[in-house]
Amino acid sequence: MAFNFAAPSGSSGTAAATAAPAGGFGGFGTTSTTAGSAFSFSAPANTGTTALGGLFSQPTQAPTQSNQLINTASALSAPTLLGDERDAILAKWNQLQAFWGTGKGYFNNNIPPVEFTQENPFCRFKAVGYSCMPNNKDEDGLVVLVFNKKETDIRSQQQQLVESLHKVLGGNQTLTVNVEGIKTLPDDQTEVVIYVVERSPNGTSRRVPATTLYAHFEQTIIKTQLQQLGVTLSMTRTELSPAQIKQLLQNPPAGVDPIIWEQAKVDNPDSEKLIPVPMVGFKELLRRLKVQDQMTKQHQTRLDIISEDISELQKNQTTTMAKIAQYKRKLMDLSHRTLQVLIKQEIQRKSGYAIQADEEQLRVQLDTIQCELNAPTQFKGRLNELMSQIRMQNHFGAVRSEERYYIDADLLREIKQHLKQQQEGLSHLISIIKDDLEDIKLVEHGLNETLHIRSGVFS
């Protein structure tokens, strides 16, 4: 699952709340272009560590952080809000809220309550996963725009999207917006990767750096226009420098236990391509699960396409092998015909000449070979014996193949059903016979008692 270490355009919640409602792309081509004059990338803004995601940003060491820790400890261990045994119950409730990562911890009448978030060190719903590090350079100019629209809508109106983004960039004729790729995301969202090519007056062209393009998209007016197009998130897709990777690994994210973070670095299956990332809360876990399911579906689709290609290649290979065998047979036939032509030509050329010594010697050798082949105990006899064995094996193989029986699946199912019904009928008949035997035993017992009574009376 790919992970992009770029700063999102504002708060994702705010962007989602102010984005245009889902539906058709009515915003394409109608976006307001109040960004001012022509857009220029000649002087890139210094964005610093913009490529680093807000996910890894460390909390500011405010002067009141120590007080915050003291207040948190008081709320969890020794609140003095009520002054009786109920404070112990309140402490357990604050602990539960801290473990859950939500709520407020009241502990003193004169001090505001502690706000528990999922970033607090006591939150239990945390884990560490791994994400792929991007390998694109800043010069590639790749910027990711996440649209709150389906992939089918994006692809059907891709040209209008490109035109709208060009208007967002000021409509400068020296700039060209290009779409690098489109990918489906969970919750009916779509990821569009774009880059912008800038042409200079001398005819050369270059890609606008990703950080420069992202800095332009982060301007308030431009961000509003992107939100009108349905953009909920924008980020650069650039690789991390060794210094940035070292900083991310050395400093655990907010609320993550340093021991767990160190263990995650040790358990990294591929430190060259993957980097540990925190998963805080069920929402983040659900998001990663949805992304993983989406990637699994895409991989399965790609595997299906590869399987179809392999099947087609296998068919082509079978056809090619058949053609090769056909051409071999044709080559053999042509070789024989050529040999026959050469023999006839040689006979005509030698016509009227006496047999030469080398030809006589060759005739003698051929006669000797012919005699050896015709000898009963030599090659001909052995060949006849092998031919007889082959015929017998073919005969027995044909007999064995004729003795094999194949039953159709539907017929076999009907036979099983019929046998099952017969078995049920026999079981029912056996139960009837058992009942009849019981009745006969009762009748016999009654007759015996009657005979005994009569014999007693007559005696």
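**Asp-187 and the salt bridges of the model**

In this predicted model, Asp-187 is exposed, with a relative accessible area of 53%. The value lies in the exposed class because that class begins over 50%. Asp-187 is located in the loop that joins β5 (175-185) and β6 (189-199). Its phi is positive, about 60 degrees, although Asp-187 is not a glycine. Most residues other than glycine have a negative phi. Asp-188, in the loop between β5 and β6, also departs from this pattern, with a positive phi near 55 degrees. Asp-188 has a relative accessible area of 48% and is therefore partly exposed, since the exposed class requires over 50%.

The side chain of Asp-187 forms a salt bridge with that of Lys-290, at 2.8 Å from N to O. This pair links distant parts of the chain: Asp-187 belongs to the loop between β5 and β6, whereas Lys-290 belongs to helix α10 (residues 281-350), 103 residues apart. Lys-290 is partly exposed, at a relative accessible area of 31%.

The structure contains 13 salt bridges. Among them is the pair Glu-262 and Lys-265, with an N to O distance of 3.0 Å. Both residues lie in helix α9 (residues 258-266), three residues apart, or about one turn of the helix. Glu-262 is partly exposed at 40%, and Lys-265 is partly exposed at 25%.

A salt bridge also connects the side chains of Arg-86 and Asp-84, at 2.9 Å from N to O. Arg-86 is partly exposed, with 45% relative accessibility, and Asp-84 is partly exposed, with 29%. In addition, a network of salt bridges links Lys-183, Glu-191 and Arg-237.

How values were computed: Residues are numbered from 1 along each chain as its sequence is written. This is a predicted model: local features need pLDDT of at least 70, side-chain atom pairs count only at pLDDT 80 or more; totals for chains, interfaces and linings use all residues. Side-chain values use heavy atoms; hydrogens and water are left out. Helices (H or I, at least four residues) and strands (E, at least two) are DSSP runs, numbered from the N terminus. Buried means under 20% relative accessible area, exposed over 50%, partly exposed in between (1.4 Å probe, protein chains only). A salt bridge is a side-chain nitrogen of Lys or Arg within 4 Å of a carboxyl oxygen of Asp or Glu.
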